[in-house]
Amino acid sequence: MKSWDVIVIGAGAVGSAALRAATEAGARVLGLEQYTPANPRGSSHGHSRIFRHAYFEHPDYVPLLRHATERLESLERESGGRLLHRCGMLLMGAPGCMAVTGAIESAQRWGLPLDALDATGIRSRFPWFDVPSDTRGAFESNAGIVRPEATVRAAIQFALARGAELRLERRVGAVVEDDFGVTVETPSGTERAAAVIIAAGPWASALMPELTPLLRVTRVVQAWLEPRDGTDASAMPCWLYDRGPGRRAIYGLAPDPLEASPPHGLPSPSRYPKVGLHGSDVLVDPDLGAAPVTTADTDAILAEYGAIAPALAGRVVESATCLYTMSPDEHFILGPRPRSRRTFFAAGLSGHGFKLAPALGDALADLALLGRTTLPVGFLSPSRFGV
Ligand SMILES: Cc1cc2nc3c(=O)[nH]c(=O)nc-3n(C[C@H](O)[C@H](O)[C@H](O)COP(=O)(O)OP(=O)(O)OC[C@H]3O[C@@H](n4cnc5c(N)ncnc54)[C@H](O)[C@@H]3O)c2cc1C
């Protein structure tokens, strides 16, 4: 049996980044994916994701965000693809809301450019939004859209061009570690490696049952809406409106200018703005998949969207479900598998992991190949949950 330096399980955002990083380090790498890269049953599909740096979730992410964006930029250069669109990110909410105050705190701590705005400033600079007069805002111009399917594809192409092997339609059933290496079981046989990276997204606890108490897989809905009465949305930024504790934030993504005149095939719904509510209580078994989108789902989005962006809340052009894998504190979990020395994982990305996946992939490849990483991922360690 051929023995690999590292096997990467999963070819979504994190797995593809880990494949790229491990092959770049010169390792012999095998990737195993149960479906296809960035497949619609996981969490890395849907044409667009927001990237930003003034992180309200926690300032400790900022060095990882800077690293991740540099890695996305280098992937863009190396692949010749167009992975990023810098349209900016506008955070909004009532005075004292976490999204705006947290972003300002991150920007101050790390010296990031960020414009603070009041309601008048928001309305005059971003006329799509009709916000209450006490609204506060923060705008980061160095933010925007990253294209998830193209990014995953580019990272995989990079790895394959440097000798990695990726096998699709291979579901890993078990990962078993011993003193000398790790055995990975698939329906078509076993593979052996010095180390394993598990980047299984919503399926993480199927492979690591000890994580089951920590991970909740939930159904979320994203919808693309045509603006009303021919409103031009082409210059709008990505945005998020923090509606306060206990209420889901509403967020939106700018239309993708590449999709206005796509180079090939039919245009994707991303030529229109995309909207979603952040988070959900609807639990999903990822093997059964999320229930299809209903009009109740899109009506809920439309009602909230229409309240702050009436000119944009027109016809629903398309909608799709996607999965968030939530950790107890909504921060990622990354590190060695509990009671393991050769198996490393990232899980519980809690609906905000795409922009950071290149940094997570680099950290996982470091851990698997070197046993350590210089990237500051200690705050994401599974040990904070006592596992
Ligand atoms: C609607 C929506 C909007 C989002 N918006 C943003 C955003 O704006 N910005 C942002 O940064 N993040 C965003 N996120 C979050 C981000 O997309 C996810 O955190 C990220 O894509 C998760 O990547 P992943 O690699 O962990 O999981 P996935 O992409 O799901 O990849 C896991 C892969 O592992 C494979 N797999 C699982 N088990 C096995 C097995 N046993 N054997 C073989 N293969 C296996 C799966 O088939 C899958 O391909 C959003 C998520 C959603 C759903």
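**Helix 1, the ligand shell and the paired strands**

In helix 1 the buried residues are Ala 13, Val 14, Gly 15, Ser 16, Ala 17, Ala 18, Leu 19, Arg 20, Ala 21, Ala 22 and Thr 23. The structure described here is a predicted model, and in it helix 1 is mostly covered, with 11 of its 12 residues counted as buried. The helix comprises residues 13–24 and reaches 17 Å from its first C-alpha to its last, which is close to the 16 Å expected at 1.5 Å a residue. Just after helix 1, Gly 26 adopts a positive phi of about 90°.

Helix 1 also contributes to the surroundings of the ligand: together with strand 3, strand 13 (216–225) and strand 17 (316–326), each of these elements supplies at least two residues of the shell. The largest share, 3 residues, comes from strand 17. Of the 37 residues around the ligand, those that come nearest are Glu 33, Ser 44, Arg 49, Ile 50 and Cys 322. By residue class the shell divides into 20 nonpolar, 12 polar and 5 charged residues. Oxygen atoms of the ligand are approached by side-chain and backbone atoms alike: a polar side-chain atom of Asn 39 lies 3.0 Å from a ligand oxygen, a polar backbone atom of Gly 353 is found at 3.2 Å from a ligand oxygen, and a backbone N or O atom of Ala 199 lies 3.4 Å from an oxygen atom of the ligand. Taken alone, the ligand exposes 1,000 Å², of which the protein buries 97%.

Strand 3, one of the elements that supply the shell, belongs to an open sheet of 3 strands with the order 3-8-4 and antiparallel pairing. Strand 3 (49–51) and strand 4 (84–85) are the edge strands of this sheet, each pairing on one side only. The pairing of strand 3 with strand 8 (residues 144–146) is antiparallel and extends over 3 bridges, and within it Ile 50 has Ile 145 of strand 8 as its bridge partner. Ile 50 is also among the residues that come nearest to the ligand.

A further set of antiparallel pairings involves strand 11 (residues 182–186), which is largely enclosed by the rest of the structure because 4 of its 5 residues are buried. Strand 10 (residues 174–177) pairs with strand 11 in the antiparallel sense over 4 bridges, the two strands forming a hairpin with 4 residues between them; in this pairing the bridge partner of Glu 177 is Val 182 of strand 11. Strand 11 is in turn joined by 5 bridges to strand 12 (residues 189–198), again in an antiparallel arrangement, and here the hairpin passes through 2 residues. The bridge partner of Glu 185 in strand 12 is Thr 190.

Most residues other than glycine have a negative phi. Against this background, Asp 229 has a positive phi, near 50°, and Ser 350 likewise has a positive value, about 55°, although it is not a glycine. Asp 229 lies in the loop between strand 13 and strand 14 (238–242), whereas Ser 350 is placed in the loop between strand 19 (343–347) and helix 8 (357–370). As to their surroundings, Asp 229 has a relative accessibility of 81% and therefore counts as exposed, while Ser 350, at 1% relative accessibility, counts as buried.

Methods:
Residues are numbered from 1 along each chain as its sequence is written. This is a predicted model: local features need pLDDT of at least 70, side-chain atom pairs count only at pLDDT 80 or more; totals for chains, interfaces and linings use all residues. Side-chain values use heavy atoms; hydrogens and water are left out. Two strands pair if DSSP finds at least two bridges between them. The expected span of a helix is 1.5 Å times one less than its number of residues. Buried means under 20% relative accessible area, exposed over 50%, partly exposed in between (1.4 Å probe, protein chains only). A residue is near a molecule or strand if one of its heavy atoms lies within 4 Å of it. A polar contact is a pair of N or O atoms within 3.5 Å; within protein, one must be able to donate a hydrogen and the other to accept it, and residues adjacent in sequence count only if both atoms are side-chain atoms. Accessible areas come from the Shrake-Rupley method with a 1.4 Å probe; for residues, only the protein chains shown count as cover. Ala, Val, Leu, Ile, Met, Phe, Trp, Tyr, Cys and Pro count as nonpolar, Asp, Glu, Lys and Arg as charged, and the others, Gly among them, as polar.
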